[in-house]
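Trainee: Before we begin, please guide me through the reading of a protein-DNA surface and of a helix pair.

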Number of protein chains: 2
Amino acid sequence: MRDKKYHHGNLKEALIEAGLEILSESGLSDLSLRTCAARVGVSHTAPKNHFGNMNGLLTAIAARGYEQLAEHMRRGLPENPTRHEVRNAAFEGYVDFARAQPALFELMYSSGRTTRDDPALKAGVGACFEILREASMNLDWDKAGAPDAELRAQIMSWSLVHGFAQLLLAGKLDKDATKALGVLDVVPDFGFRA
Amino acid sequence: MRDKKYHHGNLKEALIEAGLEILSESGLSDLSLRTCAARVGVSHTAPKNHFGNMNGLLTAIAARGYEQLAEHMRRGLPENPTRHEVRNAAFEGYVDFARAQPALFELMYSSGRTTRDDPALKAGVGACFEILREASMNLDWDKAGAPDAELRAQIMSWSLVHGFAQLLLAGKLDKDATKALGVLDVVPDFGFRA
DNA sequence: AGATAATATATACACTGGAAACATTTGATC
DNA sequence: GATCAAATGTTTCCAGTGTATATATTATCT
């Protein structure tokens, strides 16, 4: 880094990755414009050109998070997976991701820190939502047959797995409870009747 | 308030209520030691004597939040409620509370801002958990009969209703989806088979 | 080459939580 | 009642935060 250039060249991407690193290493409270900028070696006002403000940077980081979450939910799937395999992978991957990246997960689902209408963010959320749609198909819930049975099952699946992940991260499920249930064992098989 | 006394007399309680008001009126981002202290008319370092630091104040506020949530989950119950009425009231009350107090709800379930081991906080969480236990009794899930079937049903109930509430607050369920489902209509009757 | 836009810096400001020293009041003990 | 210790608040200061403004540097396009 002898000849440090005035223009970084790929600052936008570098800042997002710096943010992801900070979230992974430290936590959400240590993620700031200044820590991100410092890690990249740039002044703390440089991000403004690419993200507008803190909200914009956080939104971009959260969007990347949803992409990673979608990856996680498809990880380890065989070539032509059965519907049951898709469901198991999706639910296991969801909780796995939350536990592996708690700070990022918290940012992704916090209400005021990100901009909901952001296209990249909505795309990431949409990718996850699509996986959950596939994972929830042909679930024989009680109200199956109702006009919006599929959407209903999809939202219930998402609620169930997300609520479980969040309660886990928030420490609301004590160790006895989770151990008795087998945590990851209970998740993919939430009592759904195939 | 002519003769303003040096000692407030009930500062601890006043600060908690000020915090609840700020959360209700403005939002989590506007809640600070200084805004709380200013609302009570006291210096911004006064809270230290009662709560130690910001974390302590937030923990106390969150604990109060769980008490309010427990109230909400029992609101409007008749004298000798049926199990179905208990369940409906608990689930409706849970989502109702989240929508009525989104900022407080976010604080209550955020990971790093509060101290998990705090006795008052644990008591509040315990009260809610107990209501959920009652609301989940005799649920005929697939794995009913297993040694920990009841705890399992309890955790699933909590995950389901909490996940739904959080996804709602985070704006992940678009209006078409929630409208198609009837939101509060779907909550108390999540496909449980009585 | 020269104008213009994009990108990064420098500086200043209001805000935050917390540490330290000090002031005031309360309450217990003699 | 006087006295001394503990509890309760204030004052002052500091490092850290996001952002607005003005400025400097580079890239791009005609």
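Mentor: We shall take the DNA surface and then a helix pair.

Mentor: This is a predicted model, in which local features need pLDDT of at least 70, side-chain atom pairs count only at pLDDT 80 or more, and totals for chains, interfaces and linings use all residues. Residues are numbered from 1 along each chain as its sequence is written, chains are lettered from A in the order in which they are written, and side-chain values use heavy atoms, without hydrogens and water.

Trainee: Which residues come nearest to DNA strand D?

Mentor: A residue is near a strand if one of its heavy atoms lies within 4 Å of it. Of the 23 residues around DNA strand D, the nearest are Arg34(A), His44(A), Met54(A), Ser43(B) and His50(B).

Trainee: Which polar side-chain contact does His44(A) make with a base of DNA strand D?

Mentor: A polar contact is a pair of N or O atoms within 3.5 Å. A side-chain N or O atom of His44(A) lies 2.4 Å from a base oxygen of DNA strand D. On the phosphate side, a polar backbone atom of Leu33(A) is 2.9 Å from a phosphate oxygen of the strand.

Trainee: How does one describe two packed helices?

Mentor: One gives the angle between their axes and the distance between the axes. Helices are DSSP runs (H or I, at least four residues), and axes are lines fitted to C-alpha atoms over the stretch in contact, with angles from 0 to 180 degrees between N-to-C directions. Here α1 (residues 11-25) and α4 (residues 54-74) of chain B pack at about 70°, their axes 10 Å apart. Therefore α1(B) is roughly perpendicular to α4(B) (65 to 115 degrees).

Key: A polar contact is a pair of N or O atoms within 3.5 Å; within protein, one must be able to donate a hydrogen and the other to accept it, and residues adjacent in sequence count only if both atoms are side-chain atoms. Helices (H or I, at least four residues) and strands (E, at least two) are DSSP runs, numbered from the N terminus. Angles under 35 degrees count as roughly parallel, over 145 as roughly antiparallel, 65 to 115 as roughly perpendicular and the rest as oblique.
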